[in-house]
Each structure stands twice: as C-alpha cells, then as structure tokens.
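The following report introduces a structure to a reader who has not met it before. Please keep the sequence and the model in view while reading.

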Amino acid sequence: MVEPRQLRELREIVGDEHVLVDEDLLSSYVVDFTGRFRGWSGCVVRPGSTQEVAAIVSTCRRNGIRLTVQGGNTGLVGGAVPLGGETVLSLRRLSRIDHVDPRSGQLTAGAGVSIVAVQQAAAAAGWAYGVDFSSRASATVGGSVATNAGGLRVLRHGDTRAQLLGVEAVLGTAAVVSRLSGLTKDNTGYHLPGLLCGSEGTLGVVTAARFRLVAPLAQRVVALLAFRTPSDAVAAAGSLRRQLPSLSAAELFFDEGLSLVREVLSLPTPFPSRHRAYLLLEAGADHDPVTELSAAVESLHGVEAVAVATGGHGADQLWRYREGHTEAINTLGAPHKLDVTVPMDAFAELVERVPEVVARLRPEARTWLFGHAAEGSLHVNVTGVDPADEEVDEAVLRLVASLEGSISAEHGIGRAKRRWLDLCRSSAEIEAFRAIKGALDPDGILNPGVLLPDS
Ligand code: MLT
Ligand code: ZN
C-alpha cells in the first residue's frame, strides 16, 4: 500500500488528477485483457513526460514502492497487471509522435502512442511501419518494445527489435538513458535498445522509441488457401517463403477455429465446403503480385480451394477469419494462451501433438491452434480449463522444449511462464539475466515477479 505521504509526493510530480486511487478508476488497470490475470493496486500514476517518470522511479526507489509498468494493457502473459499489489505506472499519456523524418524513413514515438498511430504517421510521411498485429489500436509503443512484439509481418520485416534504432528509458536506478538520433551505424558499446527490447519492463521504463520505417508496398493481394491436411499447410508455408519473395504474411488456422470465428463474428463461409487447415497469405510489391502468387500456389501440394482478394474490403474480410481468433476464443472464457515456436522441421509434429497432449490430460478441454506459420510460431489456446490449473500449460511447454523450441515466440514470459524459463534458458543464461537486472534495477522495484523465476 502507498502511504498518504508517498501519495503526496507522487501528486507533486504528476498533479492530483494523474494519481488515481478510486477503486472504480483503478478497475481497468488491474485485470488483463483476457480476464485470466487479475491483480489489485492502491494507486495508478500517469506521468506526462520522461522527467516525471524519472522522478516517480526515484521516489519509488527511496520509498520501496514496487511498480508495474503498463501501456495499452494488451499483454497476454500477466506481465502488465499488478498481481502483487504494485503501484501501476501507466504510460498512456506519453502519446507524442515527435520526429518523423521522411528522408531517412524514421520516426520517434512516445511510449503511449498506439501502434496504429505509428502506422498512420508512417503512411502520412510516405513510409510504412514494419510491425503489425491485431491489437494495434490499443497496444502501445512502450509495450511493444518491452515485449519485442512480433505479429503478422515478421517474415518480411522482422520483429520490433529489428525496427528499433534507439530508445529513451528510465532505468530502475532512475537514471535516464536517451539515444534517439537514429544512427543506423553506431558501434560504440553495448546495445541498450536491444537489451531493453524484450526485457518486459524489468530493467527500465521505455518512454520513447526511434523506429526505422519500410518502403510502402503499392499493391497487395490476400489469398485464403484451404488444405487437405495440416501438414500440407505447414509445408506450404515453408516453401512459399522461397518461391514468393513478395510474401508478407503466412497465417495458419484450422477448421474448428474458423467455425468459431464465423459464428462469433457472424461471417459468411469462405468456401462451399469445410477443410481441415487454412493458410492466409498476403503478398505485397510495387508491381501486381497476383501472377507470382498464382504460380507459387499452383506448385503447392494438397490445396483444395483458394479465395483471392486484391486489397480493399475483400482483403480485410479474409483477414477477419484469422484476426478474429483471439476475440472469438475469449468468448468461451479466459483461455490458457501459450505462444510457442519450434524449428520449422518440427512444426508439423508440434501441430499434430499439441491437441493429443491436452486431450490426454484434460479430455473436456478444447484446443485452438493458429499462428504465424512461416516462423514456426504457434498460438496454443486452451479453453475449458480452470485458470489456476497449469498442468496442461506445463505439458505443452515441455513438448515444445523437447522439440528444441522456445516457450515464448512473441508474447514474452511475464508472470505466466517464468517458472518454466529454464526449459529454454540455461542456468548460465539465467544468472547473466539476474546480474543485468541487479545492475540496472538494484532495488528490484520494476515489474517484480515478471520474467525471472524466483531464485
Ligand atoms: C495473434 O497472433 O493474433 C496474437 O499474438 C494474439 C493472440 O495470440 O491471441
Ligand atoms: Zn501472434
């Protein structure tokens, strides 16, 4: 609990109206978007500048106040909700896009700027932002950097870390580090942006980021392919990367997921009959990519049906079948969400074995699979299992580790997976993580309980 004297200090920094203590006002900050992770807090602080963040961290350090850092609260591993009663540091007011440079194709955005606003600012300057994912309207720059967000275009442009030219951040010591000049060549020591990106707010509070932008693609085509078997779909995703240089997305889903999405979102059927597996492809180029897409699809094995849309409403409609999965699954109750990745040659085996592993342990559960097929990145959602029952989670993560995969492809470790970090990180790596944490956040006030397992 934050004492009255400490609240006064925080109010002096950000102003009365930006220290929230009323239970109703706190309610949306203490529960995650799926409803699986629910915490509590005595106070939310909403700074309006990097200097205010530094003053808050300094005050909290002095008073032993532990902080949970939050952006758009779209995280999926319980990393941004105050499960231990922490004070919430909400960065949504850091919502300025300061410096769009159309010549170099770069922009600087505050931590509270939404991803869709970054995309729009990039487009207005004649560029595009390389990262995109379905929570784009709510997810923020700070959260996307803190979790190294991946999403739908990783195969073409890489993850958030690959876009990051610089950050401004307040470390756990309250020191401000800022390097936003956007040098694409800068070989002067440790790469702090790369370290802070993916550190899940455990080392510092990212207050702004400098991103590289990518050339916009004048023409795009979206195709939904239906496959005879899941392994045909997985094999196709692998070979398309080589055959179709304009490929921007290759998203996998299955018949059960499509039926649920159609039912919940009231969407028409894409094909007259049902099929076992689907790939949603997007290709983008400065020329019309339809011909090369058609040629690549011709060469694939096991394709039973194809629907194509060249941009506009039709393309958005096809995307709804894939992007609707998160929302549709959430209507069944808080899901267990496991986002994992394995080497491509083990991906088909993972897709086949995950439902078996879940069914063996919890026959009453339902397993929903979808994901980013070209990276071997699979979203395993399990419904009908008590949120506190983690036996299924553990079994799936152990399967992934046995296939030499990673227990988090893109959502991070958060609080949900930290006890299994050693499935894919050696004790030497975890000790190095702890040493870095100790140096940058010596009092352990930033996102306690996130990422690192208890020692
Ligand atoms: C997605 O790919 O749709 C996101 O990672 C969100 C999710 O897994 O639900
Ligand atoms: Zn994803």
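## The ligand site and its surroundings

A polar atom in the side chain of histidine 411 lies 2.7 Å from an oxygen atom of ligand 1, a polar contact being a pair of N or O atoms within 3.5 Å. Taken alone, ligand 1 exposes 260 Å², of which the protein buries 91%; these accessible areas come from the Shrake-Rupley method with a 1.4 Å probe.

The model is predicted, so local features need pLDDT of at least 70 and side-chain atom pairs count only at pLDDT 80 or more, whereas totals for chains, interfaces and linings use all residues. Residues are numbered from 1 along each chain as its sequence is written, chains are lettered from A and ligands numbered from 1 in the order in which they are written, and side-chain values use heavy atoms, with hydrogens and water left out.

The polar contacts with ligand 1 are set out below.

| Side chain | Partner | Distance |
|---|---|---|
| histidine 372 | oxygen atom of ligand 1 | 3.1 Å |
| glutamate 410 | oxygen atom of ligand 1 | 3.1 Å |
| histidine 411 | oxygen atom of ligand 1 | 2.7 Å |

The residues around ligand 1 (a heavy atom within 4 Å) include Leu76, Ser134, Arg322 and Phe370. By class, this shell has two nonpolar, five polar and three charged residues.

The zinc ion (ligand 2) is coordinated by His372 (NE2), His379 (NE2) and Glu410 (OE), at 1.8 to 2.2 Å. Donors are N, O and S atoms within 2.8 Å of the metal (3.2 Å for Na, K and Ca), and water is not among the atoms, so sites may look incomplete. Along the chain, the donors of the zinc ion follow the spacing H-x6-H-x30-E. Histidine 372, in strand E15, and glutamate 410, in the loop between helix H14 (391–402) and helix H15 (427–440), are 38 residues apart and link distant parts of the chain. Helices (H or I, at least four residues) and strands (E, at least two) are DSSP runs numbered from the N terminus. Both histidine 372 and glutamate 410 are buried, that is, under 20% relative accessible area, with exposed meaning over 50% and partly exposed in between (1.4 Å probe, protein chains only).

Lysine 417 is placed in the loop between H14 and H15. Is lysine 417 buried or exposed? Lysine 417 is buried, because its relative accessible area is 1%. Among the residues that lysine 417 touches (heavy atoms within 4.5 Å), not counting those up to four places away in sequence, are Lys337, Asp339 and Ile407.

How values were computed
Polar contact = N/O pair within 3.5 Å; in protein donor to acceptor, adjacent residues only side chain to side chain. Nonpolar A, V, L, I, M, F, W, Y, C, P; charged D, E, K, R; others polar.
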